[in-house]
Amino acid sequence: MTEAVSKIVEHGFYGNMFWREHYFYKKGDIHKGHTHILDHVTVILKGSVLVKVGDNEPYEASAPSILEIPKEVLHEFVALEDETIYMCIFATKEYEETLAGDVKDLSEEQKEELIKMIAKNLCNDCEGCNPPDSTKGKN
């Protein structure tokens, strides 16, 4: 398997949800084991992945699939096909309330700052979740 990580191609907000779209270029690319501070779902949009969540047996998931990932549980994805795309979606309400209140009430500049803050703090030991240089946040 390749020692590559998925690339984040786009991320942003919709209401009180934070989402990230990930892209695997080649079969065998890896989004290494990592945890998050929030529960989330991962939606397989194109292709297929080998999924490892916690101590459970690895399993294959193909598009279209929705995977539930509990907070603080180590998980990893390995591309089983070239050009695999998946999206991670986090309900950020609990996290935002301690930071900024409702996202709908924020200016575009405040949203950009919140995206950077959440992206920085959302992942534990995750090289594949570093935010892209530019954000494409939506509300």
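Colleague: Let's start with Phe 77 and Tyr 86: are they buried or exposed?

Modeller: Both are buried in this predicted model. That word needs a relative accessible area under 20%, so Phe 77 and Tyr 86 each fall below that cut-off.

Colleague: How many aromatic pairs does the whole structure have?

Modeller: Four turn up in a search of the whole structure. One of them is Phe 24 with Tyr 86, with ring centres 5.4 Å apart and planes at 35°.

Colleague: What makes the Phe 24 and Tyr 86 pair tilted?

Modeller: Set the values against the rule. Centres must lie within 6.5 Å, and 5.4 Å passes. Planes under 30 degrees apart would be stacked and over 60 edge-to-face; 35° is in neither range, so the pair is tilted.

Colleague: Why do you say that this pair ties together separate parts?

Modeller: Because Phe 24 sits in strand E2 (residues 17-24) and Tyr 86 in strand E9 (residues 84-91), parts that are 62 residues apart in sequence. Both Phe 24 and Tyr 86 are buried, too.

Colleague: And which kind of pair do Phe 77 and Tyr 86 form?

Modeller: Another tilted one: 5.1 Å from centre to centre, with 45° between the planes. The distance is within 6.5 Å and the angle is neither under 30 nor over 60 degrees, so "tilted" is the right word. Ring pairs link Phe 24, Phe 77 and Tyr 86 into a cluster.

Colleague: What joins the side chains of His 31 and Tyr 86?

Modeller: A polar contact of 2.5 Å. The cut-off is 3.5 Å, so that distance qualifies. His 31 belongs to strand E3 (residues 30-36).

Colleague: Why does His 31 count as buried?

Modeller: Its relative accessibility is 1%, and buried means under 20%, so the label follows.

Colleague: What about Val 53, buried or exposed?

Modeller: Buried, because its relative accessible area is 8% and the limit is 20%. Val 53 lies in strand E5 (residues 48-53). Leaving out residues up to four places away in sequence, Val 53 touches Ile 69, Pro 70, Val 73, Leu 74 and His 75. Its C-alpha atom is 9.0 Å from that of Phe 77, 24 residues apart along the chain.

Colleague: How do E5 and E6 run, antiparallel or parallel?

Modeller: Antiparallel, joined by four bridges. Pairing takes at least two bridges, so E5 and E6 qualify. Val 49 stands opposite Ala 61 in E6. The two strands form a hairpin with five residues between them, and Gly 54 in the turn has a positive phi of about 60°.

Colleague: Why is the contact of Glu 83 with Lys 46 called a salt bridge?

Modeller: Their closest N and O atoms are 3.3 Å apart. The rule asks for a Lys or Arg side-chain nitrogen within 4 Å of a carboxyl oxygen, so the pair counts. By this rule the count comes to one salt bridge.

Colleague: Which parts does the Glu 83 and Lys 46 pair tie together?

Modeller: Glu 83 lies in the loop between strand E8 (75-79) and E9, and Lys 46 in strand E4 (residues 40-46), so the linked parts are 37 residues apart in sequence. With 38% for Glu 83 and 39% for Lys 46, neither is under 20% or over 50%, so both are partly exposed.

Colleague: What is the phi of Glu 83?

Modeller: About 55°, a positive value although Glu 83 is not a glycine. Glu 72 also has a positive phi, near 60°. Glu 72 is in the loop between E7 and E8, and its 47% relative accessible area makes it partly exposed.

Colleague: What kind of peptide bond joins Ala 63 and Pro 64?

Modeller: A cis one, with omega about -5°. Pro 64 is in the loop between strand E6 (59-62) and strand E7 (65-69).

Colleague: Where is confidence lowest and highest?

Modeller: Lowest in helix H1 (residues 93-97), at a mean of 59, and highest in E6, at 97. For the protein, mean pLDDT is 76, and 64% of residues reach 70 or more. Over residues 130-139 pLDDT stays under 50, and there the model has 28 contacts beyond four places in sequence.

Methods
Residues numbered from 1 in each chain as written. Predicted model: local features only at pLDDT ≥ 70, side-chain atom pairs only at ≥ 80, totals over all residues. Heavy atoms only, no water. Buried < 20%, exposed > 50% of the residue type's maximum accessible area, 1.4 Å probe, protein only. Contact = heavy atoms within 4.5 Å. Phe/Tyr/Trp six-rings, centres within 6.5 Å; stacked < 30°, edge-to-face > 60°. Polar contact = N/O pair within 3.5 Å; in protein donor to acceptor, adjacent residues only side chain to side chain. pLDDT = per-residue confidence, 0-100.
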